Amino acid sequence: MITHLIFVGLLSLLSSSLSQACNPNILENMDFPGNDITFLYSPDVNHCQLLCTQHPSCLFFTFIRADWTHDDRHFYCYLKSTPSGEPSAQTPVQGATSGFSLKSCSPDPQPCLSEVYQNMDFIGGDYRSLFTGDHKECQRVCTQDPACQFFTFVKENFSNSKVRYKCHLKFSWPVPRTPVIERKAGVTSGFSHKTYQTQHSDKACQRKLFPNTDIPGSDIELLPAASPEHCQTLCSTHPRCTYFTYNRNTFVCYLKENTHEIVTRADIGTSGLPHRSCQLDDNWARVAHEGVHFNGSDIRYELMDDADTCQKTCTDDPHCLFYTYIDETFFDRSYRRRCFLKRVITIPAPPKVIKVTNVVSGFSLKNCP
């Protein structure tokens, strides 16, 4: 564990020491080879750049375009980083576009993604389908549905006539998900107090929680959560979640889907129902969790005197979504007074992007004027 903390601290120190100037330039037919953190799928280079901007560690990227011919990769977005903040090499190559994170450019945390992509399928994330007259109507339906983040529409001349005019509504997470939560003495963790509202209504929600209750089975996704209220917010955000169970000992939130019945049993967990068509409060994000470590997803760290100042710093930072503060009682003196600012990607992100003739894909316009 000490080794892990040293590694995390070094990464944070490196990111803290990087004072990159804003560099929005895009380099066509250029590869930044190596230094990969991970890869995700993107429909174009601008979306890839936004993924890099919201990823806690990414400083630059390479996007593999549709005209790439060296192998069968297309729409790959490689997120990258180096201690210097600069690519180790730049290699001219047809079909790749590279660029830099916009972290230093004061980017919009909820950007408008108005581009529509012809002959491109966003694979995965489906939760509902219907038939619409064209892709514009499909996009309007997606925009009006609180859960929809992106869509794929099947055009009238698609090869399979049975699915023509079909509009697939799709979901990705717009709210913070902490990668790992664990108990640890001498630390306090919590969330930015910026508002995390995915539903907007004049009517306030009444939380429905069932203490000491488990709802076994029907799991669709397991996520770390800091509290039953955080778990309930995750369930309320996911369009397929019909109820949930939260294990306070392991910090695991079990999202479940069963529209036919709900069977409960006495247990140590807390279960509950999601909220729909009402205004969720964000009180869950205003709780400081003492003795709890949100491990990973560090943007940087700063030295400060208390957890309240750390929380305020996170709230004031447009990039920060959650934090961990290490206090004076922590076993390793070298980590005391460190405030780790953290985030995850929250822009719409299709699980996979492929070329398919006579389909159209795009994003919700909720964030567009």
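L234 touches W173, V175, P176, R177, L223, P224, A225, C253 and L255, leaving aside residues up to four places away in sequence. Contact here means heavy atoms within 4.5 Å.

L234 also belongs to the largest nonpolar core, which has 35 residues. L169, W173, F191, L234, C253, L255 and F294 touch the most other members of that core. A nonpolar core is a set of buried Ala, Val, Leu, Ile, Met, Phe, Trp, Tyr and Cys residues joined through side-chain atoms within 4.5 Å. Buried means under 20% relative accessible area, exposed over 50%, and partly exposed in between (1.4 Å probe, protein chains only). Apart from the largest core lies another core, of 27 residues. Its members include V45, F75, V93 and F150.

The model is predicted: local features need pLDDT of at least 70, side-chain atom pairs count only at pLDDT 80 or more, and totals for chains, interfaces and linings use all residues. Residues are numbered from 1 along each chain as its sequence is written, and side-chain values use heavy atoms, with hydrogens and water left out.

**The chain as a whole**

The chain holds five helices and 22 strands. These are DSSP runs, numbered from the N terminus: helices are H or I with at least four residues, strands are E with at least two. Of the 369 residues, 51% count as buried. Residues 24 or more positions apart supply 75% of the contacts with a separation of 6 or more.

The C-alpha trace spans about 65 × 55 × 35 Å along its principal axes. The radius of gyration is 22 Å, which agrees with the value near 21 Å for a compact globule of 369 residues. That radius is taken over C-alpha atoms, and the globule rule is 2.2 Å times the number of residues to the power 0.38.

The accessible surface comes to about 17,000 Å², and 51% of this belongs to carbon and sulfur atoms. Areas come from the Shrake-Rupley method with a 1.4 Å probe; for residues, only the protein chains shown count as cover.

**Two residues with positive phi**

Most residues other than glycine have a negative phi. S106 has a positive phi although it is not a glycine. N212 has a positive phi and is not a glycine either.

| Residue | Phi | Loop between | Relative accessible area |
|---|---|---|---|
| S106 | about 55 degrees | β5 (91-100) and β6 (116-123) | 68%, exposed |
| N212 | about 50 degrees | β11 (209-210) and β12 (213-214) | 52%, exposed |
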